[in-house]
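Subject: Structure for you to look through

Hello,

Below I am handing over the structure, together with its sequence, so that you can open it while you read. After it come my notes on what was found.

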Amino acid sequence: MIELPVEWVLAVPLFAGLILLFAGAVYYAWRWDAGRADHGRPFIYQCSACGRVYLNRRQIPMLSCPRCGNLNPAARR
Ligand SMILES: [Zn+2]
């Protein structure tokens with residue numbers, strides 16, 4: 001069996017977590033930049049059930065209402 005220093009029991013999960021956190025931050029920053037570069041203006045949706053108006057920057061033709069969950073088409077860009 002391989003002998004490991006006692007500190008590694010704490011250090012290895014800590015560094016693995018930090019690496020995962022960093023990778024996640026890079027991934028979401030990249031996605032956010034890509035979304036902004038391709039679609040500067042958001043889609044506008046109006047809920048047909050509760051009337052709430054909401055925006056989304058991703059190109060999704062149908063999006064559920066954040067208030068009541070009803071699926072609505074994009075009104076305009
Ligand atoms: Zn709604």
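A good place to begin is the hairpin formed by β1 and β2, which has six residues between the two strands, and in whose turn Gly-51 has a positive phi of about 85°. Please keep in mind from the start that this is a predicted model.

Strand β1 covers residues 43-46 and strand β2 covers residues 53-56, and the two run antiparallel, joined by four bridges. If you would like to follow this pairing residue by residue, you will find that Phe-43 stands opposite Asn-56 in β2, that Ile-44 has Leu-55 as its bridge partner in β2, and that Tyr-45 stands opposite Tyr-54 in β2.

There is a second hairpin, formed by β3 and β4, again with six residues between the strands, and here Gly-69 in the turn has a positive phi of about 85°. Strand β3 takes in residues 62-64 and is joined to β4 by three bridges, with the two strands running antiparallel; within this pairing, Met-62 stands opposite Pro-73 in β4.

How many bridges join β1 to β4? There are two, and these strands also run antiparallel. Ile-44, which you have already met as the partner of Leu-55 in β2, stands opposite Arg-76 in β4, while Tyr-45, which faces Tyr-54 in β2, stands opposite Ala-74 in β4.

Putting these pairings together gives an open sheet of four strands in the order β2-β1-β4-β3, with antiparallel pairing. The edge strands of this sheet are β2 and β3, each of which pairs on one side only, and neighbouring strands are turned by 45° against each other on average, if direction is ignored. As background, the strands of a sheet pair through backbone hydrogen bonds, either parallel or antiparallel.

For the chain as a whole, the secondary structure comes to one helix and four strands, and from the N terminus on the elements run α-β-β-β-β. Among contacts between residues at least 6 apart in sequence, 24% join residues at least 24 apart.

Is strand β4 largely in the open or largely buried? Of its six residues, 71-76, the number buried is zero, so β4 lies largely in the open. For the whole chain of 77 residues, 1% count as buried.

Two single residues are worth finding on your screen. Trp-32 has its place in helix α1, which spans residues 7-38, and Trp-32 is exposed, because 11 other C-beta atoms lie within 10 Å and a residue counts as exposed at 12 or fewer. Trp-32 and Arg-57 are 25 residues apart in sequence, while in space they are 9.8 Å apart, C-alpha to C-alpha. The other residue is Ile-60, which is found in the loop between β2 and β3 and is likewise exposed, with 12 other C-beta atoms within 10 Å. Ile-60 and Ala-74 are 14 residues apart in sequence and 7.7 Å apart in space, C-alpha to C-alpha; Ala-74 is the residue in β4 that stands opposite Tyr-45.

Finally, a word on confidence. The chain averages a pLDDT of 86, and 88% of the residues score at least 70. Among the elements, α1 has the lowest mean pLDDT, at 84, and β3 has the highest, at 94. Where pLDDT is low, the predicted coordinates should not be read in detail.

With best wishes

Note on methods: Residues numbered from 1 in each chain as written. Predicted model: local features only at pLDDT ≥ 70, side-chain atom pairs only at ≥ 80, totals over all residues. Buried ≥ 20, exposed ≤ 12 C-beta atoms within 10 Å, placed from the backbone. Pairing = 2+ DSSP bridges. Contact = placed C-beta atoms within 7 Å. Axes fitted to C-alpha atoms, helices over the stretch in contact; angles between N-to-C directions. pLDDT = per-residue confidence, 0-100.
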